[in-house]
Structure formats: structure tokens, C-alpha cells
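User: I'm new to reading protein models and I'd like to know how people back up the labels they use. Can we go through one together?

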Amino acid sequence: MQTKQLGNTSLHLTRIGFGSWAIGGGNWKFGWGHQDEQEAIDAIVTAVDHGINWVDTAAVYGGGQSEILVGKALKRLGSARRPIVATKCGRVMRDPETIDKVLKRESIIAECEASLSRLGLDCIDLYQLHWPEPDEDIEEGWGALVDLKQQGKVREIGVSNHNVRQLKRLQAIFPVGSLQPPYSLIAPEAENEILPFCGQENIGVVCYSPMYKGLLTGKFNVERAQTLPASDHRSRDARFQSPQIEVHLGLVECLKNVAQQSGRSLAELAIAWVLRRPEVTSAIVGARSPAQVLETIRAADQDLTATDLVTIEQLRAGHRQALLHAS
Ligand SMILES: NC(=O)c1ccc[n+]([C@@H]2O[C@H](COP(=O)([O-])OP(=O)(O)OC[C@H]3O[C@@H](n4cnc5c(N)ncnc54)[C@H](OP(=O)(O)O)[C@@H]3O)[C@@H](O)[C@H]2O)c1
């Protein structure tokens, strides 16, 4: 699988990374329902076996559960096959329903030690501020990451969910290695300001939820969305509820036809669409089983044709209009 340098960092990432949010399970506010642990570990190993060279996780996913499973997969893979590991700090679970937003230095230093221990590593390859909250503390949080890099606890540092104004504030302190924004056919806002700014500043971009949490796999219908268990946070996501879900599924049906005509799956088309942007280093693709990994991995090496892109733009325009009418 092709790799691309992450901004001006020392990391070279495959065009798809393994996303570990869902494997954190269902026992917390932003969970994804029940997750079989062995399947999760097998999924990571399968991803690496098939060429994916990096894994994204976060301390808060399942209150450490995702990092623990990533750590078990790393152990099984052994040092020779160890993928690049990215994790995040700044969201601290007080109890499964209460997530604190903390960017204070001491908290981040403690979070880093806990992540290293769960992952079984001496050094985290990419350490990211998960959210720019509270806004007034982003400089303090970023300063802590700079110190951790200088101490060798982390190799490269980046952020997630920050806007251009916040990126500029951090750039004045220390160059931002990467940004992790949401970006997909259903949530395309990053292309307005964020992607151009990162391109101009040579900040690496690793996009999250490229299939919008599974909606762009074609395996959702209104009934499945309406019967998601309470332990799956998508049951509370407006994009999975009426009136939005019907509009998104309308787009999904049209995109399925475009995908079929070029011999790919909808998920592959959705990921290839994210990767078409030159600013994007890699798409983080979430999976809960080896089968899901194998169904999306081919997208890393696919280019969309000019005709596909024109058709997709027309469908996006119709989707925007339909959303306006529905709201
Ligand atoms: N920085 C942040 O704030 C942030 C936020 C969100 C995500 N992320 C990162 O980005 C990663 C990816 O985003 P994401 O997990 O939200 O969404 P995603 O990659 O768009 O979708 C992943 C979900 O789609 C479903 N899926 C995957 N492959 C499938 C297949 N072949 N067929 C059918 N369904 C399939 C699975 O859920 P089901 O099987 O349950 O449907 C899976 O959990 C995360 O894991 C995380 O590492 C970061």
C-alpha cells in the first residue's frame, strides 16, 4: 500500500489507517454497542497483515479499553511488525457517562503515562490533543505535548478537531505536525477552510469517519438506524435520525449506483473520495472485525475517474438542497 509523509513529520502513513473508536465497546457514553474483544484484536492484526501501517486510538475510547486492545494486538504482532501508533489526550473519563475536558499540563502528562502503559510502548508515535476544549487551555495542552516530545515520550505531535484560528495559535508555539478533522461525503465541511490551510502550512491531515460511522457502507437502512441500541451512541446522532437519515440514505442509494458502475463498493468509493484531496495524508477507517477490514482496504489504491467526480458533485448538490428542505 502506498504511503505518504505526514506533513513535515518523520512519519510515513499508509493511505488508510485502522480506526479504533468502535472497538472500545458499548460501556460508555460514546460507545458503539457490544464488541467482541478477540474480533477486535483479529481486525487489527488483519489490517497490518494486509498492509495498513498505522492505528489510531484515544485514551477515552471505552475508558482505555480501545488502547488495551490495541496493546494486545501490538503484542501479538511483535516488534518487527508493529504498526505506527497514534493516540489522543484531553478527554478524561470520570465515569462512563461523564467525560471531562481537560488540557491542563499535569493531566496530560499523567494521561500519556497511562496510555504508554496500556499500549505497552516506550514512546507514542503520534500524540494528539483530542479536542480544543476548553479553548482557553489549548496553549497549555500544546505546551505539554511539546515537552513530552522533547522528553522522548512521544515522537510527533498533532491535534484533532481544531479550527484554523486555533491552529494558528498553536503554530506560533511549535509547528503542528497533523490535524485530525471529520471529513466525508456526509460531513464535508473541512474542505471549506481547514484543508486549504493545512495544505498551505504543510500540516498532515488524517481524516476521521470517512464512511460517516458506517452510513456510507450501504449497510444501513431506516429500520437499523431506528433500532440501534442505547449503548450505541449513533442512536443519539442527528444524522442517524429523521428527518436527516432519509436524506442521507437517498444520497447513499445514488452513490451505490456510481460505485457499482466502476466495480467498487460504496465504502470504497466513499474512502477514495476523501483520499482524492491532495492535502489528505490518510483516511482513518473504523472496523470491528477482520471481514470489515477486508471490505474496505482496497480503497487505499483506488482513484476516482473525472466522470465519477462530476457525478458525485451533482449528487452532493442535490443532497445539500434536500437537507435544507428537510430541516
Ligand atoms: N478525533 C476524533 O474526534 C475522532 C472522531 C471520530 C473518529 N475518529 C477516529 O476515526 C476512526 C474512523 O471513524 P469512525 O470509526 O467514526 O467511522 P467510519 O470509519 O466512517 O465507520 C466505521 C464503522 O463503520 C462500520 N463498518 C466498517 N466497515 C464496514 C463494512 N465493511 N461493512 C459495513 N459496515 C462497516 C462499523 O460499524 P458497525 O459495524 O457498527 O456499523 C465501523 O465501526 C475512529 O475509529 C477513530 O479512530 C476520531
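User: What kinds of residues make up the shell around the ligand, and how do they divide into nonpolar, polar and charged?

Analyst: Keep in mind that this is a predicted model. The shell divides into twelve nonpolar, eleven polar and eight charged residues. Altogether 31 residues surround the ligand, and the closest include Asp 56, Ser 160 and Arg 234.

User: What makes a residue part of that group around the ligand?

Analyst: One of its heavy atoms has to lie within 4 Å of the ligand. Ser 209 and Gly 286 are also among the closest ones.

User: Which parts of the fold supply at least two residues each to the shell?

Analyst: Strand E12 (282–286) and helix H10 (290–296) do. E12 gives the most, with three residues.

User: Why is the pair between Asn 161 and the ligand called a polar contact?

Analyst: The cut-off for a pair of N or O atoms is 3.5 Å. A polar side-chain atom of Asn 161 lies 2.8 Å from an oxygen atom of the ligand, so the pair meets that cut-off. The backbone joins in too: a polar backbone atom of Gly 286 is 2.8 Å from a ligand oxygen, and a backbone N or O atom of Gly 214 is 3.4 Å from one. As for cover, the ligand taken alone exposes 890 Å², and the protein buries 95% of that.

User: Why is Gln 128 called buried?

Analyst: Buried means under 20% relative accessible area. Gln 128 has 0% relative accessibility, so it counts as buried. You'll find Gln 128 in strand E8 (residues 124–129).

User: What does the side chain of Gln 128 make a polar contact with?

Analyst: With the side chain of Asp 56, at 3.4 Å. Leaving aside neighbours within four places in sequence, Gln 128 is also in contact with residues including Ala 86, Lys 88, Leu 145 and Val 206.

User: How do you know that the length of helix H8 is close to what's expected?

Analyst: Helix H8 (residues 244–261) has 18 residues, and at 1.5 Å a residue the expected span is 26 Å. From first C-alpha to last, H8 reaches 27 Å, which is close to that.

User: Which helices do the buried residues of H8 pack against?

Analyst: Helix H7 (222–226), helix H9 (266–275) and helix H11 (306–326). Among those buried residues are Ile 245, His 248, Leu 251 and Val 258. Just after H8, Gly 263 takes a positive phi of about 70°.

Conventions
Residues are numbered from 1 along each chain as its sequence is written. This is a predicted model: local features need pLDDT of at least 70, side-chain atom pairs count only at pLDDT 80 or more; totals for chains, interfaces and linings use all residues. Side-chain values use heavy atoms; hydrogens and water are left out. A polar contact is a pair of N or O atoms within 3.5 Å; within protein, one must be able to donate a hydrogen and the other to accept it, and residues adjacent in sequence count only if both atoms are side-chain atoms. Accessible areas come from the Shrake-Rupley method with a 1.4 Å probe; for residues, only the protein chains shown count as cover. Helices (H or I, at least four residues) and strands (E, at least two) are DSSP runs, numbered from the N terminus. Ala, Val, Leu, Ile, Met, Phe, Trp, Tyr, Cys and Pro count as nonpolar, Asp, Glu, Lys and Arg as charged, and the others, Gly among them, as polar. The expected span of a helix is 1.5 Å times one less than its number of residues. Buried means under 20% relative accessible area, exposed over 50%, partly exposed in between (1.4 Å probe, protein chains only). Contact means heavy atoms within 4.5 Å.
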